[in-house]
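User: Please take a close look at one central part of this model and at what surrounds it. Then go on to the other places that deserve attention in the backbone and the side chains.

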Amino acid sequence: VCRLKSSVSFLTRPDRPNLAYHKLKGRNPGVIFLPGLNSNMNGLKATALEDFCNSLGHAFIRFDYTGCGSSDGKFEECTIGTWRKDVLSILDELTDGPQILVGSSLGGWLMLHAAIARPDKVAALVGVAVAADHLVTTFKHLPLEAQKEIEEKGEWKFPTKYDEKGYYSLTYDLIREAENHCVLNSPIPITCPIRLIHGMKDDVVPWQISMQVADRVLSKDVDVILRKTGQHRMSEKEDTKLLVNTIDDLIDKLATL
């Protein structure tokens, strides 16, 4: 499903590249979708959530990170810190009142950072195949010779079946910088409701990471939902239905709190 580009707006920032986004006006809590690595705002989950929020009359935003999709900037110059700031820009500049962040893969890692930085604005989190610390962990599990070679070349060809080349090219600088954003080494100071959905057939991000996140966050209101046949992208019809129902329940829960 690809939406018309003409409906895209841009958040202009004086000191940073402009961010492409699509916003639905509506009531709170609003919902914001954070895509995965090298993904964009036109994916199945993003557009399904937009349709769902539209039907309920709730506010919704989907957007592209710097260097991705229709946003300005160069991907190879970005870091986890760059994209973290993008999420905070969207939260600060485009929303009022409580928001539910829905993070897919890398977006799940970034949503944790946003909840730590903006506890007053983030009312709940929904993670889909949360990739917390995943790039750093994967890099550190490489043989030392491979790590050295990547450091010398300045580039890591990270294997993926989601790109026709068979890999994503990441800079060594991105990996080094990502170490500053690891969250699983200590308690995570987030107290809002959290729902973590993960496919057990995920061959990109192990489902055990969602369990680690659940264990680390301070929130007591945490559910982990494992789908036995779920893949990494979780974009089968039944997966999307589960995601929508999970958000629906959270909206009801927040209304009664």
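Analyst: Two strands count as paired when DSSP finds at least two bridges between them. Strands (E, at least two residues) and helices (H or I, at least four) are DSSP runs, numbered from the N terminus. The model is predicted, with local features needing pLDDT of at least 70 and side-chain atom pairs pLDDT 80 or more, while totals for chains, interfaces and linings use all residues. Residues are numbered from 1 along each chain as its sequence is written, and side-chain values use heavy atoms, without hydrogens or water.

The part chosen is strand β9, residues 194–199. β9 pairs with two other strands, both in the parallel sense: with β6 (residues 122–128) over four bridges, and with β10 (residues 222–227) over six bridges. In the first pairing, L125 stands opposite I194 of β9. In the second, H198 stands opposite L226 of β10. Between β9 and β10 the chain passes through helix α7 (residues 208–216), and this β-α-β crossover is right-handed (clockwise from the first strand over the helix to the second, with the strands pointing away from the viewer).

β9 is mostly covered, with six of its six residues buried (under 20% relative accessible area; exposed is over 50%, partly exposed in between, with a 1.4 Å probe and protein chains only). The cover applies to both faces: I194, L196 and H198 are buried on one side, and R195, I197 and G199 on the other.

The loop that runs between β6 and α4 (134–140) contains A129. A129 is not a glycine, yet has a positive phi of about 55°. Its relative accessibility is 0%, so A129 counts as buried. Phi of N38 is also positive, near 60°, and N38 is again a residue other than glycine. N38 sits in the loop between β3 and α1 (44–56), and with a relative accessible area of 34% this residue is partly exposed. As background, most residues other than glycine have a negative phi, and most peptide bonds are trans. The bond between N28 and P29 is cis, with omega about 0°; P29 belongs to strand β3 (residues 27–34).

N42 lies in the loop between β3 and α1 and counts as partly exposed because its relative accessibility is 22%. The side chain of N42 makes a polar contact of 3.0 Å with the side chain of R62 (N or O atoms within 3.5 Å, a possible donor with a possible acceptor within protein; for residues adjacent in sequence, side-chain atoms only). From N42 to I90 the C-alpha distance is 17 Å, for 48 residues of sequence.

I90 is one of the buried residues of helix α2. In α2, 11 of 15 residues are buried, which leaves the helix mostly covered; among them are W83, D86, L91 and L94. At 1.5 Å a residue (times one less than the number of residues), α2 should span 21 Å, and its end C-alpha atoms are 21 Å apart, which agrees.

D86 lies in α2, residues 80–94. With 0% relative accessibility, D86 counts as buried. Its side chain reaches the backbone nitrogen of T66 at 2.8 Å. Leaving out residues up to four places away in sequence, D86 touches R13, L19, Y65 and T66 (contact means heavy atoms within 4.5 Å).

The loop between α1 and β4 (58–63) holds G57. G57 counts as partly exposed because its relative accessibility is 30%. With residues up to four places away set aside, G57 touches G26 and R27. The C-alpha atoms of G57 and D96 are separated by 15 Å, at 39 residues along the chain.

Helix α8 (residues 237–256) is another case for the span check: its 20 residues should span 28 Å, and the end C-alpha atoms are 29 Å apart, which agrees. Its buried residues include D239, L243, I247 and L254.

As for confidence, the chain averages a pLDDT of 95, and 98% of the residues score at least 70 (the predictor's confidence in each residue, from 0 to 100). Residues 1–5 stay under 50, and the model has 10 contacts for them beyond four places in sequence. Where pLDDT is low, the predicted coordinates should not be read in detail.
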